[in-house]
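The following exercises ask the reader to work through pockets and salt bridges in a protein model. Please inspect the sequence and the structure before turning to the solutions.

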Amino acid sequence: MSSKTSTTRRIGLAALGAALLAATGVTAYATTPEKAAPLPLAGMRILISDDDSMQAAKASNSDGLGLYELRRAMCAAGADVVVMAPWQVQSGKGTAVTNGGVLTAQRRTALPAGYEDDCAQAPSGGAVYGVCLADGSCTKDSPSATPADTVKLALRAGLKAKAGWTGAPDLVLTGINSGPNVSAQVNDSGTVGAAVAAIDQHVPAIAFSSAGDETNTFFPRVNYRANAEFGARFVAGLRQRGLLTPDFALKIDYPDVSTGTPAGPPLWTRVGHGQVVWHAYEQTGENSFAIGLGLCEETPGDPCTETVKNADSTALFRDGRIAVAPVTADRTYGVREAHPETLRKIRAYVEHDAPRR
């Protein structure tokens with residue numbers, strides 16, 4: 001048989017096979033492998049910090065576990081991630097900074113179980129640094145840098161020295177905080193304070209916080225994971241639309257989904273004025289006062305009661321929705337937005353096109 005005849009016969013048999021597959025309702029596909037679609041955050045460099053530390057050692061999940069879930073989700077979406085976070089828990093530090101001494105950024109080599117290989121394919125390997133106040137190695141009892149310290153250090157010197165990044169990252173993410181940051185307590189939040197430190201340096205930033213369980217003393221991993229995976233899709237949408245901006249930070253608070261009730265769709269909100277967390281001071285000695293923390297119950301006329309329309313706390317607690325609010329570092333009352341069209345586009349994205357949970 002000639003070579004030409006043999007080739008013709010093979011083509012005929014292939015055509016016959018395809019016809020038989022089609023007749024049985026099976027589609028014949030080409031066997032040539034296709035290139036995989038690029039990951040949504042491929043090529044993006046992200047700095048992550050928080051105010052809960054990078055320890056992730058407490059049974060309550062209140063000391064940095066959310067940070068590792070955020071790291072995991074961003075690396076899975078293709079981002080190159082570096083973490084620089086406080087050495088110890090720094091909740092409630094707001095935008096506080098340290099004005100003297102020495103900061104040490106110490107790399108963590110043994111990561112929490114289950115998170116070791118999350119960023120293995122990222123150029124920077126998802127490196128995690130804890131930042132302490134020490135002229136030398138950080139130890140168990142070393143005092144910690146504040147959340148704003150870690151972001152300023154990273155952007156002004158740390159990322160270049162430790163990760164070899166020249167220029168600023170594309171985005172700073174803070175959190176995921178153990179507990180919501182809504183209403184008046186936003187002013188105290190180190191998670192939000194770290195995001196404000198980023199936009200002060202003209203880098204886009206988003207602050208993430210998750211509700212705890214009904215006791216508000218335990219912070220389920222499922223809440224962090226749902227928030228982080230929402231966050232990766234949310235960031236991808238902003239990036240695709242060219243809406244990552246340093247004009248203001250975004251604050252995202254995610255409801256408790258540990259009971260099986262899914263989060264309601266995101267809602268564009270305002271920072272409320274109510275006092276969700278109440279600080280009480282009880283005198284224990286002539287010059288001493290014990291600090292107590294508790295959740296407020298809304299009572300008409302009481303400072304706890306939320307009076308702001310479309311408040312973040314109302315969306316989160318009453319309606320079980322993902323609360324998104326813009327936060328600016330400009331504290332000038334009545335100031336106009338520099339780029340109101342960007343604000344309108346991001347609001348429209350949140351209300352209509354962002355992931356629904």
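Two exercises with worked solutions follow.

The model is predicted, and local features need pLDDT of at least 70, side-chain atom pairs count only at pLDDT 80 or more, and totals for chains, interfaces and linings use all residues. Residues are numbered from 1 along each chain as its sequence is written, and side-chain values use heavy atoms, with hydrogens and water left out.

**Exercise 1.** Determine which residues and elements line the largest pocket.

*Solution.*

Step 1. Fix the term: on a 1 Å grid over the protein atoms alone, a pocket is an open set of points where a 1.4 Å probe fits, with protein on both sides within 12 Å along at least five of seven lines, and lining residues have an atom within 4 Å of a point.

Step 2. The largest pocket has a volume of about 1300 Å³, where volume is the space filled by probe spheres set on grid points joined across faces, edges and corners. Its lining comprises 36 residues, and those closest to the centre are Pro326, Val327, Thr328, Ala329 and Asp330.

Step 3. Two or more lining residues come from each of helix 4 (190-200), strand 11 (321-327) and helix 7 (340-353); helices (H or I, at least four residues) and strands (E, at least two) are DSSP runs numbered from the N terminus. Helix 4 gives the largest share, five residues.

**Exercise 2.** Explain how salt bridges connect helix 2 and helix 5, and state whether the partners are buried or partly exposed.

*Solution.*

Step 1. A salt bridge is a side-chain nitrogen of Lys or Arg within 4 Å of a carboxyl oxygen of Asp or Glu. The whole structure holds seven salt bridges.

Step 2. One of them pairs Arg225 with Glu69 at 2.8 Å, N to O. Arg225 belongs to helix 5 (residues 221-240) and Glu69 to helix 2 (residues 65-76), 156 residues apart.

Step 3. Apply the accessibility classes: buried is under 20% relative accessible area, exposed is over 50%, and partly exposed lies in between (1.4 Å probe, protein chains only). Glu69 counts as buried because its relative accessibility is 0%, whereas Arg225, at 30%, counts as partly exposed.

Step 4. Glu229 and Arg72 also form a salt bridge, at 3.3 Å, N to O. Glu229 is in helix 5 and Arg72 in helix 2, so this pair ties together parts 157 residues apart in sequence. Glu229, at 32%, is partly exposed, as is Arg72, at 22%.
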